[in-house]
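Got the viewer open? Let's take a walk through this one, selection by selection.

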Amino acid sequence: MIIDTTTVQAINSFSRLKSLNEVYGILWMLVPIFTLVLGITIGILVIVWLEREISAGIQQRIGPEYAGPFGVLQALADGTKLLFKENLFPSRGDTRLFSIGPSIAVISTLLSYSVIPFGYHFVLADLNIGVFLWIAISSIAPVGLLMSGYGSNNKYSFLGGLRAAAQSISYEIPLTLCVLSISLLSNSSSTVDIVEAQSKYGFGGWNLWRQPIGFIIFLISSLAECERLPFDLPEAEEELVAGYQTEYSGIKFGLFYVASYLNLLVSSLFVTVLYLGGWNISIPYISVPEFFDFEINKVGRVFGTTMGILITLVKTYLFLFIPITTRWTLPRLRMDQLLNLGWKFLLPISLGNLLLTTSSQLFSL
Amino acid sequence: MNVPATRKDFMIVNMGPHHPSMHGVLRLILSLDGEDVIDCEPILGYLHRGMEKIAENRTIIQYLPYVTRWDYLATMFTEAITINGPEQLGNIQVPKRASYIRVIMLELSRIASHLLWLGPFMADIGGQTPFFYIFRERELIYDLFEAATGMRMMHNYFRIGGVAADLPHGWLDKCLDFCDYFLTGVAEYQKLITRNPIFLERVEGIGIVSAEEAINWGLSGPMLRASGVQWDLRKVDHYECYDEFDWGVQWQKEGDSLARYLVRIGEMTESIKIIQQALEGIPGGPYENLETRSFDRERNREWNDFEYRFISKKTSPTFELPKQELYVRVEAPKGELGIFLIGDQSSFPWRWKIRPPGFINLQILPQLVKRMKLADIMTILGSIDIIMGEVDR
């Protein structure tokens with residue numbers, strides 16, 4: 001059989017293209033991940049700026065105004081400064097634990113961003129277990145804090161790390177029970193399904209109205225998970241210098257700082273997804289001109305997706321006013337009062353909430 | 001940290017002189033059992049400047065700038081007591097107007113001190129916003145002080161026989177405006193703080209001092225009045241012209257940190273009342289008893305001669321302290337501030353013993369924190385209201 005050289009060449013080039021195809025396939029997977037990480041970073045910068053402006057307003061002063069217009073680049077400036085600082089190690093601390101601690105706190109929070117939906121097909125990982133991925137992975141963060149506290153060879157840090165771990169595990173249970181009630185209402189744990197279940201009646205379809213107690217418990221528990229005032233005893237300046245962050249300098253300290261805001265952003269995004277209706281515009285009977293109608297043509301789909309992202313972000317940042325204002329208004333709870341609140345108050349109420357939801361589901365069947 | 005699991009040892013933590021908590025340079029060595037405090041040992045002396053020894057080599061006028069550095073937040077009281085001692089020793093009358101001006105300044109200083117107590121107290125508990133609000137009010141008081149005395153904080157205002165300079169024109173109206181504004185500020189604090197459940201949980205029942213204990217330990221000021229003892233030196237000693245005003249002693253019964261907080265907030269409101277009454281009723285007249293300034297013509301005939309009068313460098317008017325001893329006291333915002341003065345028939349005192357309220361009040365700290373949690377230490381320390389400048393002198 002005569003093999004045509006041109007055909008062989010064509011077949012060879014085709015197979016080379018195919019292996020390149022696989023490479024492209026892998027690269028194509030990384031693009032959404034990097035886009036999300038970039039989006040998160042910009043989101044963090046916005047949160048930091050927002051916090052500084054709001055706290056300045058509450059305290060009757062002006063926030064940052066020199067780094068960038070209106071001080072928007074202040075967070076970048078702080079991060080760059082931290083990069084240039086000397087990286088200190090405590091002399092007799094456990095070096096490996098000391099270095100890995102902050103990374104674990106950040107990585108566990110970053111992983112939970114993969115289940116947040118910004119649109120119907122616009123979620124990094126549409127898992128069946130959805131929301132519980134966040135709860136499970138964020139439970140790894142206290143391990144990171146314990147490692148930092150222990151590896152610092154400092155009694156303050158050790159105390160702070162223990163407190164942080166105790167606080168985190170106490171408030172996970174009410175959090176999980178509230179999320180469980182939401183999944184009962186939406187018949188699924190997937191975040192996309194939860195948002196879809198809230199899309200039917202505009203504003204009235206939000207889970208906020210169907211789970212008011214759950215919303216309040218979720219709010220308190222997520223504030224406690226993020227270790228923000230009124231629950232920030234692990235890093236209370238007045239008592240423990242800076243708790244488990246005492247011995248850190250440079251970019252590792254920056255990682256803790258960022259981890260705190262990452263946690264806050266992911267909690268607020270989850271509040272939006274679980275209680276505030278996600279990417280739905282929630283204003284009923286808006287008539288969209290035909291050019292933009294997303295069922296019909298491509299431009300419409302792009303428009304629809306962009307609107308979805310924008311709406312999620314607007315809802316999240318409007319909600320963020322509440323944690324930020326709370327931080328600068330309320331004093332902080334003492335450790336035993338904090339644990340009391342978690343175990344003896346929120347846990348029974350969230351169980352009661354779950355019971356109510358279950359019984360209402362039974363009746364509606 | 002290799003503590004074997006079987007041995008029960010207490011953890012010794014050093015809250016060193018450098019601490020973000022804003023209480024000056026106080027060092028506490030704590031023995032902790034987890035979160036519970038077993039023992040606390042305060043170590044003082046990081047701000048010791050030898051004030052009492054310096055006083056033995058300074059005339060009163062020369063010593064006045066030093067005294068404001070004892071309690072640098074309520075400066076008028078330290079000046080008042082430095083002046084009151086020699087005045088009583090030398091039996092010097094103070095004109096009425098000077099007395100009224102002194103009372104207004106003292107009460108403004110009391111408000112300023114309580115404000116700056118409130119800010120760090122709330123910051124220790126965790127609410128960091130009142131810290132900015134109190135400075136907003138304190139800046140107004142600073143402006144008033146600056147207009148009258150020339151300095152925002154370390155005024156050198158009181159003189160033996162009166163005050164250094166009269167109030168400028170329009171000061172009384174500005175002060176009245178401040179009083180009206182401040183009452184709205186106090187109402188704001190009541191709304192923000194006093195009924196906040198988290199604040200109440202942190203503060204109620206913490207650091208209880210009974211009335212008998214308070215008297216035994218020698219406490220004074222708001223700590224004593226919060227335990228049920230109605231002892232206010234302004235009513236007991238009848239000094240300056242406090243008797244001419246209509247005001248009441250603020251006191252509470254429980255003796256915990258909440259009671260001390262309420263007493264201080266109440267005292268601020270009472271001070272505003274006193275200031276308003278004093279502003280309405282201030283008489284005219286001289287503001288300083290200038291007799292004390294003049295040299296004794298008979299004895300210093302040469303120096304009072306024409307030739308020496310107009311030379312540029314004049315000696316400071318010195319006041320000779322007779323050879324007697326005297327204890328004089330004043331109701332400072334932190335407690336009873338006292339001076340035990342032994343004169344020596346010269347312009348320098350022989351012994352100048354300061355009784356600082358913060359030092360005496362601080363003694364009770366180890367007992368109060370014994371069964372409390374770690375977070376309560378800052379609450380109790382804050383409610384005692386110490387300032388290291390006068391504790392260490």
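A word on the term "domain" before the first stop: the domain bounds used here come from an automatic or database domain assignment. Keep in mind, too, that you are looking at a predicted model.

**Stop 1: the two domains of chain A**

Select residues 34–84 of chain A and give them one colour; that is domain 1, and 88–364 is domain 2. Put a marker on the C-alpha centre of each, and the two markers sit 20 Å apart.

Now show what touches what. On the domain 1 side you should pick up 16 residues, in contact with 22 residues of domain 2 of chain A. Together the two domains of chain A bury about 1800 Å², with carbon and sulfur atoms giving 81% of that area. Which three residues supply more of the area that domain 1 of chain A buries against domain 2 of chain A than any other three? Select Ile47(A), Glu51(A) and Leu82(A): they account for 33% of it.

Stay on Glu51(A) and bring up Arg327(A) as sticks. These two form a salt bridge, with the closest N and O atoms 2.9 Å apart. The count of salt bridges between domain 1 and domain 2 of chain A is 1, while residue pairs in polar contact number 5, with both partners at pLDDT 80 or more.

Switch to cartoon to see where the domain 1 side comes from. Helix H1 (5–58) and helix H2 (74–83) of chain A each give at least two residues to the side that touches domain 2 of chain A. H1(A) has the largest share, with 12 residues. Colour that side of domain 1 of chain A by class and you get 11 nonpolar, 4 polar and 1 charged residues.

**Stop 2: where chain A meets chain B**

Zoom out and bring chain B back. How many residues of each chain are in contact? Select 27 in chain A and 36 in chain B. Chain A and chain B bury about 2800 Å² between them, 59% of it on carbon and sulfur atoms.

Next, hunt for the salt bridge: the rule finds 1 across the interface of chain A and chain B. Select Arg334(A) and Asp376(B), whose closest N and O atoms are 2.8 Å apart. Between chain A and chain B there are also 7 residue pairs in polar contact, both residues at pLDDT 80 or more.

On the chain A side, highlight helix H6 (155–186), helix H10 (237–240), helix H12 (298–329) and helix H13 (335–364), the elements that give two or more residues to the side touching chain B. H6(A) makes the largest contribution to that side, 5 residues. By class, the side of chain A that touches chain B has 13 nonpolar, 5 polar and 9 charged residues.

**Stop 3: three strands in chain B**

Hide chain A and go to the start of chain B. Select strand S1 (residues 11–15) and strand S2 (residues 27–33) of chain B: they run antiparallel and are joined by 5 bridges. For a landmark, find Met15(B), which stands opposite Leu28(B) in S2(B).

Add strand S3 (residues 36–43) of chain B. S2(B) and S3(B) pair in the antiparallel sense over 7 bridges, and Asp33(B) stands opposite Asp36(B) in S3(B). What links S2(B) and S3(B)? They form a hairpin with 2 residues between them, and Gly34(B) in the turn has a positive phi of about 75°.

Notes
Residues numbered from 1 in each chain as written. Chains lettered and ligands numbered in written order. Predicted model: local features only at pLDDT ≥ 70, side-chain atom pairs only at ≥ 80, totals over all residues. Heavy atoms only, no water. Contact = heavy atoms within 4.5 Å. Buried area = accessible area lost by both parts, 1.4 Å probe. Salt bridge = Lys/Arg side-chain N within 4 Å of Asp/Glu carboxyl O. Polar contact = N/O pair within 3.5 Å; in protein donor to acceptor, adjacent residues only side chain to side chain. Helix = DSSP H or I, 4+ residues; strand = E, 2+ residues; numbered from the N terminus. Nonpolar A, V, L, I, M, F, W, Y, C, P; charged D, E, K, R; others polar. Pairing = 2+ DSSP bridges.
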